[in-house]
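Q: Hi! Could you walk me through this one? I'm new to reading structures.

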Amino acid sequence: MVLSTGNPGTRWVWDGGKKAAVKLRGAVGKPARLEWELMPLESVGPLRFGMPLAEVATALPGMTELRRFQAAPSSQHLGVEFGTGHAKPAVRTYFTDGQLFCVAVDAVHGPQVTLWGRELTSCVPADLERFFWHAHECEILKMSYGPRGNPGVDGLGLVVRVQDVATGVVTRPVMVGRTWADRCTDDWEGAIPECEWVGRPWPHPGG
């Protein structure tokens with residue numbers, strides 16, 4: 001696969017993970033889902049970082065608001081969860097001072113988020129980790145691990161978490177905008193809400 005990094009004249013070849021991705025899609029058994037492209041630090045699908053809640057709700061016509069919640073006991077961040085039919089959680093959005101700063105996608109019901117043509121949602125963790133390591137070694141990006149072992153790229157405002165599904169463990173992306181990207185992979189000091197770090201840890205970090 002030939003990927004564009006978004007920089008003029010920069011192309012990068014990645015040919016790993018195709019078989020694993022196809023196998024995983026069949027295992028999850030999810031029908032065709034929305035497809036969102038991540039524009040690092042700027043937007044993901046129809047959601048632009050910095051949008052107010054009213055615009056976010058308008059940008060998600062196929063989803064309904066399921067609940068609002070406080071992102072953490074000591075935080076003023078507002079969390080709003082949107083879902084598809086039968087109240088299936090698909091996307092969690094987080095706001096600070098009325099602005100969208102973080103988007104987290106559900107591995108089963110959420111959109112398929114892609115980065116440079118590479119799928120980030122419902123992937124085999126080890127395969128996606130290899131993708132990032134390959135890009136890291138090619139100096140396309142700088143991958144790092146947070147204190148709890150989750151991989152991500154501060155320069156892209158992207159962290160990858162895992163989620164349990166009926167067939168095993170798959171990936172789900174968590175993304176923040178430019179203003180909030182500094183140290184976003186650090187689950188102690190970054191801007192990503194604490195509730196997004198809860199759950200199964202990343203399997204065998206660096207393995």
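**Starting with a tryptophan**

A: Happy to! This is a predicted model, and Trp116 is a good place to begin: its relative accessibility is 13%, under the 20% cut-off, so Trp116 counts as buried.

Q: Cool. Where is Trp116 in the chain?

A: Trp116 sits in the loop between strand 10 (112-115) and strand 11 (118-119). Its phi is near 55°, a positive value in a residue other than glycine.

Q: And what about His86, which loop is that in?

A: His86 is in the loop between strand 7 (78-84) and strand 8 (88-96). Its phi is positive too, near 60°.

Q: Is His86 buried or exposed?

A: Exposed: the relative accessible area of His86 is 79%, whereas Trp116 is buried.

Q: New topic: helix 3. How far apart are its end C-alpha atoms?

A: They are 18 Å apart. Helix 3 has 13 residues (125-137), and at 1.5 Å a residue it should span 18 Å, so the two values agree.

Q: Which residues of helix 3 are buried?

A: Pro125, Asp127, Leu128, Glu129, Phe131, Phe132 and Ala135 are buried.

Q: What comes just after the helix?

A: Just after helix 3, Glu139 takes a positive phi of about 60°.

Q: Okay, rings now. How many aromatic pairs are there?

A: The count comes to five aromatic pairs. One of them is Tyr94 with Phe101, a tilted pair with 6.5 Å centre to centre and 55° between the planes.

Q: Are those two rings buried or exposed?

A: Tyr94 is buried, at 0% relative accessibility, and Phe101 is buried as well, also at 0%.

Q: What about Trp133 and Tyr145, how are their rings placed?

A: Their centres are 6.4 Å apart and their planes are at 40°, so that pair is tilted. The pair links distant parts of the chain: Trp133 is in helix 3 and Tyr145 is in strand 12 (residues 144-145), 12 residues apart. Trp133 is partly exposed at 31% relative accessibility, and Tyr145 is partly exposed at 27%.

Q: Back to Tyr94 and Phe101. Which aromatic cluster are they in?

A: Phe69, Tyr94, Phe101 and Trp180 form one aromatic cluster.

Q: Last one: which residue lies over the face of Phe69?

A: That's Arg67, at 4.2 Å from the ring centre. In another spot, Arg148 lies over the face of Trp188, at 4.9 Å from the ring centre.

Note on methods. Residues numbered from 1 in each chain as written. Predicted model: local features only at pLDDT ≥ 70, side-chain atom pairs only at ≥ 80, totals over all residues. Heavy atoms only, no water. Helix = DSSP H or I, 4+ residues; strand = E, 2+ residues; numbered from the N terminus. Expected span 1.5 Å × (residues − 1). Buried < 20%, exposed > 50% of the residue type's maximum accessible area, 1.4 Å probe, protein only. Phe/Tyr/Trp six-rings, centres within 6.5 Å; stacked < 30°, edge-to-face > 60°. Lys NZ or Arg CZ within 6 Å of the ring centre and 35° of its normal.
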